[in-house]
Amino acid sequence: MEIVTIRELKQRACEAAGQYGVRVQVSAVVEKTTRSGKPFYEVRLVDAEDHYVLRAWNDTPGYEMAAGLEAGEYVEVSGRWADAGDFGIEAKSWDVRSLTEEEVAGVLAGGDELARRQAGDYAFILERVTGMVDPRLAGVSGLFLEAFGDRFRRAGAARGYHHARRGGLVEHVAQMMRCALGVCGAYPDLHEDLVVAGVLFHDSGKLWENCYMEDGFVMPYSESGELLGHIAIGMELVNKLWRDLMVSAEAEAWGELDPKSEEVRLHLLHLIGSHHGTHEFGSPVVPKTPEAYVLHHVDNIDAKMEMFARGYETSSLLAPNIFDRVRPLPGNLVRPLRKLRDEEGTMDDDD
């Protein structure tokens, strides 16, 4: 039986039924009942790239197997998978076994392509931080990466909608930086260092709200994340790092800089506090500077591009070139227009 990732499973089973195995960690086992009173289990499975909820009904052999699973254990789930319509991808019959230590190590490592991409993204973030002109913004960004780099590299950007995987926050931040730098190139009056620092810190509170455990793919809930949320945590984090920075030996030379350090701190905090764009989406303040407005829209663009990309891979095909809706996108997805190729098959632009 071919072993695939959850992402590959969703993609392949949407196209045609097939026999596959997935090696995953169990993050939760929840007993539920249908409206008619029929009991079933929801088993949440996760790997390095994605997650999947396996449902085990009480009139199937999988029900007893699901009852024996525990959160945190690593297993291989194998079966015949197919698109079940309203219930998504399902296995009508499946089997489960525990993984060996060697197999667990392979699951934790993730695929080669994912590891390469995330390593490249983190290197790009480091490059942009060290390239900042303003020593205050470079300093506070450097302190963050030095103190929390490992935690940053295993945090997810969300629990479900976009970049909801171990290391997903690094991918999201790096791609936002690339997009933001393009916007800064088009609008040279923007404060590029401030925008880059805002991108780095905008979701920094998710290191405590959406962070995976060191030894697996379980993303536990935290009291601080629930009571404060990532925006408030991120602002508190920047204030703490800023205080540490201002008592450093380097800070003694910054007294004559214009703008003043306190003004820089306030503008960075504003970017974090306003990046959701509106009060109803959780921001305590709306964007009131060009940099804050750019950050809000770059964040939204990258999140939506990720939703489109994953939707084309995993959503059911409703008709030629039309895919089922991916929430919170507003409607069914339509396959994008292909780029023009010349007679030799090369693209019509630099791509």
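Let's start with the largest pocket, which holds about 1,100 Å³ of space. Keep in mind as we go that this is a predicted model. How do we find such a space at all? Rolling a probe the size of a water molecule over the atoms shows where empty space is left.

Which residues should you look for here? The lining of the largest pocket counts 33 residues, and those nearest the centre are Lys10, His51, Thr314, Ser315 and Val326. Helix H1, residues 6–15, strand S4, residues 51–57, and helix H11, residues 290–314, each bring at least two residues to this lining. The top contributor is H11, with 5 residues. If you sort the lining by class, you get 14 charged, 10 polar and 9 nonpolar residues.

Now please turn to the second largest pocket. Its space comes to about 550 Å³. Here 20 residues form the lining, and His276, Phe281, Asp299, Asn300 and Lys304 are the ones nearest the centre. Which element gives the largest share of this lining? That is H11, with 6 residues. So you can keep H11 in view for both pockets: it gives the most to the lining of the largest one, and the largest share to the lining of the second largest one. By class, this second lining has 9 polar, 6 nonpolar and 5 charged residues.

Let's move out to the surface for a moment. Leu318, Ile322 and Val334 make up a nonpolar patch there, and together they have about 240 Å² of accessible area. If you want to find Val334, look in strand S9, residues 333–334.

Next, salt bridges. How many does the structure hold? The count is 25, and I'd like to walk you through a few.

The first one I picked is between the side chains of Glu103 and Arg23, at 3.5 Å from N to O. Glu103 belongs to helix H3, residues 101–109, while Arg23 belongs to strand S2, residues 18–33, so this pair ties together parts that lie 80 residues apart in sequence. Is Glu103 buried or exposed? With a relative accessibility of 16%, Glu103 counts as buried, because the cut-off for buried is under 20%. Its partner Arg23, at 27%, counts as partly exposed.

Now for a pair that involves S2 again: Glu42 and Lys32 meet through their side chains in a salt bridge of 3.0 Å, N to O. Glu42 sits in strand S3, residues 39–46, and Lys32 in strand S2, so the parts tied together here are 10 residues apart in sequence. Glu42 is buried, at 17% relative accessibility, whereas Lys32 is partly exposed, at 35%.

My third example is Glu76 with Arg97, whose closest N and O atoms are 3.0 Å apart. This pair links distant parts of the chain, with Glu76 in strand S5, residues 74–83, and Arg97 in strand S6, residues 89–98, 21 residues away. Glu76 counts as buried at 11% relative accessibility, and Arg97 as partly exposed at 33%.

Some salt bridges share partners, and in that way a set of residues is joined into one network; among them are Arg7, Lys10, Glu49, Asp50, Arg116, Glu306 and Arg310. You have met Lys10 already, as one of the residues nearest the centre of the largest pocket.

To finish, let's look at the backbone. Where are the cis peptide bonds I want to show you? One runs from Asp258 to Pro259, with omega near 15 degrees. Pro259 is in the loop that connects helix H9, residues 223–246, and helix H10, residues 261–274. Another joins Arg327 and Pro328, with omega about 10 degrees, and Pro328 is in the loop between strand S8, residues 322–323, and S9.

Then there are two residues with positive phi. His163 has a phi near 45 degrees, a positive value in a residue other than glycine. You'll find His163 in the loop between helix H5, residues 135–154, and helix H6, residues 168–186. Is His163 buried or exposed? At 4% relative accessibility, His163 counts as buried.

Asn321 is not a glycine either, and its phi is positive too, at about 70 degrees. This residue sits in the loop between strand S7, residues 317–319, and S8. With 39% relative accessible area, Asn321 is partly exposed.

Note on methods
Residues numbered from 1 in each chain as written. Heavy atoms only, no water. 1 Å grid on protein atoms, 1.4 Å probe; cavity = no way out; pocket = protein on both sides within 12 Å on 5 of 7 lines; lining within 4 Å. Points joined across faces, edges and corners; volume = space filled by probe spheres on them. Helix = DSSP H or I, 4+ residues; strand = E, 2+ residues; numbered from the N terminus. Nonpolar A, V, L, I, M, F, W, Y, C, P; charged D, E, K, R; others polar. Patch = residues over 30% accessible without salt bridge, like charges linked within 9 Å, V, L, I, M, F, W, Y side chains within 5 Å. Areas by Shrake-Rupley, 256 points an atom, 1.4 Å probe, with all protein chains shown as cover. Salt bridge = Lys/Arg side-chain N within 4 Å of Asp/Glu carboxyl O. Buried < 20%, exposed > 50% of the residue type's maximum accessible area, 1.4 Å probe, protein only.
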